[in-house]
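The paragraphs below move from the helices of one chain to the contact between the chains, and then to the strands of the other. Please keep the structure in view while reading.

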Amino acid sequence: MDPLHLVFGASLIAGAFFFVAGTVGLIRLPDRFSRLHALTKADNVGLGFIVLGLMPLAPDIFYALKLVLVWLLVVIAGATGAHLIAKRALRGDGEDVL
Amino acid sequence: MHLQTVFAHPRAVLIRTAGFALVWLVLVGPDPASWIVGGPFVIAATLASLRLSEPRKRNLSLPSLARFIPYFLRESLRGGLDVAARVLLPRLRVQPGNQDYRINLTSSEARLVFIDSISLLPGTLSADLRGDHVTVHALDVRTEVVGDLMTLERHVAAIFGESPAPRPDQTTAHRSPARPLEQPARPEDHS
C-alpha cells in the first residue's frame, strides 16, 4: 500500500476521532457554554483533518480549493455562531422557550 | 447611492469582483456556461458587499497574515486536543467560568477576527463583547488564559497594522463563575 495513502487515511481517522470527542463533550459537559467549547474546537479540527485526508482524492485543483473553502466557512460560521449563542445565553435576553 | 460607491472606489470594486468571481470558480469549476448564472450573482455580491462594508483604507499586512496562519492552525489543533483530553478522560476535568479581558484593538475588522479566534484557543470561548470588555468563557477558570489572549491580540494587531499598547490592568483579569446559581462542575465517574 502506498505510504502516502496511509498518511491521509490516518488523517481521516484523526478527523473522526475529533468528531467523536466533540460529541462526547456535548453529552458530558455540564452547561451550554462548555458544550459550545466542545463543538467549536473539536469539530473544526475534526473537519480540518477530514479535508486534509480527502485532498489526494480531489480530481482537480478546484475541488481541493472547494474543500478548503468549506472548512474555512465552517470555521467562521462555527466561531461566530458560538459567540452569538454564548452572548444571548449570558445576557439572558434570549427567547428561550424553556 | 450604489453607483456613487462604485465610481468612488474603482480599486475596491475590482478586487471584490475578482474575489467573488474566484469563489464562484472554486464552487462550480471551470465551466464557461456556468457564468450565465454566476456573472449576475458575482455582480450582486459585489454590490451587496459595497453596501454592507464601505471601502476604506486598510493597512493589511500580508507577511503578518502568513505568520498568523501557522499560528492559527497550531492553536486550533492544541484547542481540539485540549477539549478532547478533557472530555474523554474518565474524570471530567472542567471548572467553567468567565474572565474579563480588556480589548485594545480599535477597528471592527480586527475585533471580529480576534473575537472569532478566541474560540479556537485552547479552553477559551468569546462569550460577550460590551464596549472594550470581552467576556471570555474558560473551560477551566484555574488556567491562565490572559497570556494566550495577549499573544493572539498581538498577531491580529499585526495583520491590521495596529499597535496595541499592553496595559498593566490586563494581568488582573476579573474572574467569576459562569452560572452562580448552579452547582460547580463535579467530576463524574463513568465506570
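The expected span of a helix is 1.5 Å times one less than its number of residues. In this predicted model, that rule can be applied to α3(A), whose 31 residues should span 45 Å at 1.5 Å a residue, and its end C-alpha atoms are indeed 45 Å apart, which agrees. The same kind of check on α2(A) gives an expected 33 Å for its 23 residues, in agreement with the 32 Å that separates its end C-alpha atoms.

These helices belong to a chain without strands: chain A has 3 helices and 0 strands, and along its sequence the pattern reads α-α-α. The C-alpha trace of chain A spans about 55 × 30 × 15 Å along its principal axes, and its radius of gyration is 17 Å, whereas a compact globule of 98 residues would have a value near 13 Å. Of the 98 residues of chain A, 33% count as buried. Among the contacts in chain A with a separation of 6 or more, 63% are accounted for by residues 24 or more positions apart.

How is the burial distributed over particular elements? In α2(A), 19 of the 23 residues are buried, so this helix is largely enclosed by the rest of the structure. In α3(A), the buried residues are A:Val75, A:Gly78, A:Ala79, A:Ala82, A:His83, A:Ala86 and A:Ala89. A general property of helices helps in reading such a list: an α-helix has 3.6 residues a turn, so residues three or four places apart point the same way. The cover over the buried residues of α3(A) comes from both chains, and includes α2 of chain A together with α5 (108-118), β2 and β3 of chain B.

Beyond α3(A) comes A:Gly92, which has a positive phi, near 70°. A:Gly92 is 82 residues from A:Ala10 in sequence, and the C-alpha atoms of the two are 43 Å apart in space. A:Ala10 itself lies in helix α1 of chain A; because it has 12 C-beta neighbours inside 10 Å, A:Ala10 counts as exposed.

Where the two chains meet, 32 residues of chain A are in contact with 32 residues of chain B. On the side of chain A that touches chain B, the elements that give two or more residues are α1 (3-28), α2 (32-54) and α3 (61-91) of chain A. Of these, α3(A) gives the most, with 13 residues. Sorted by class, that side of chain A has 18 nonpolar, 8 polar and 6 charged residues.

Records add an annotation to both chains. For chain A, an unreviewed UniProt entry assigns "transmembrane region" to residues 6-27, 39-58 and 64-86. In the model, residues 6-27 of chain A are 100% helix and 0% strand, with end C-alpha atoms 32 Å apart, while residues 39-58 of chain A are 80% helix and 0% strand, with end C-alpha atoms 27 Å apart. For chain B, the UniProt feature "transmembrane region", again from an unreviewed entry, is placed at residues 12-29 and 35-52. Residues 12-29 of chain B are 94% helix and 0% strand, and their end C-alpha atoms lie 25 Å apart; residues 35-52 of chain B are 100% helix and 0% strand, and there the end C-alpha atoms are 24 Å apart.

Chain B has 6 helices and 4 strands, in the order α-α-α-α-β-α-β-β-α-β along the sequence. Of its 191 residues, 28% count as buried, and 73% of the contacts in chain B between residues at least 6 apart in sequence join residues at least 24 apart.

Which strands of chain B are joined to β3(B)? Strand β1 (residues 97-102) of chain B runs antiparallel to β3(B) and is joined to it by 6 bridges, with B:Gly97 standing opposite B:Ala138 in β3(B). Strand β2 (residues 124-130) of chain B is also antiparallel to β3(B), and 6 bridges join these two strands; here B:Arg130 stands opposite B:His133 in β3(B). The hairpin of β2(B) and β3(B) has 2 residues between the strands, and within this hairpin B:Gly131 takes a positive phi near 60°. Strand β3 (residues 133-138) of chain B is itself mostly covered, with 5 of its 6 residues buried. It returns the reader to the helix considered at the outset, since β2 and β3 of chain B are among the elements that cover the buried residues of α3(A).

How values were computed. Residues are numbered from 1 along each chain as its sequence is written. Chains are lettered from A and ligands numbered from 1 in the order in which they are written. This is a predicted model: local features need pLDDT of at least 70, side-chain atom pairs count only at pLDDT 80 or more; totals for chains, interfaces and linings use all residues. A residue is buried if 20 or more other C-beta atoms lie within 10 Å of its own, exposed if 12 or fewer, and partly exposed in between; C-beta atoms are placed from the backbone. Two strands pair if DSSP finds at least two bridges between them. Two residues are in contact if their C-beta atoms, placed from the backbone, lie within 7 Å. Ala, Val, Leu, Ile, Met, Phe, Trp, Tyr, Cys and Pro count as nonpolar, Asp, Glu, Lys and Arg as charged, and the others, Gly among them, as polar. UniProt positions are given in the numbering used here, feature names are shortened, and annotations may be inferred rather than shown by experiment. The radius of gyration is taken over C-alpha atoms; the globule rule is 2.2 Å times the number of residues to the power 0.38.
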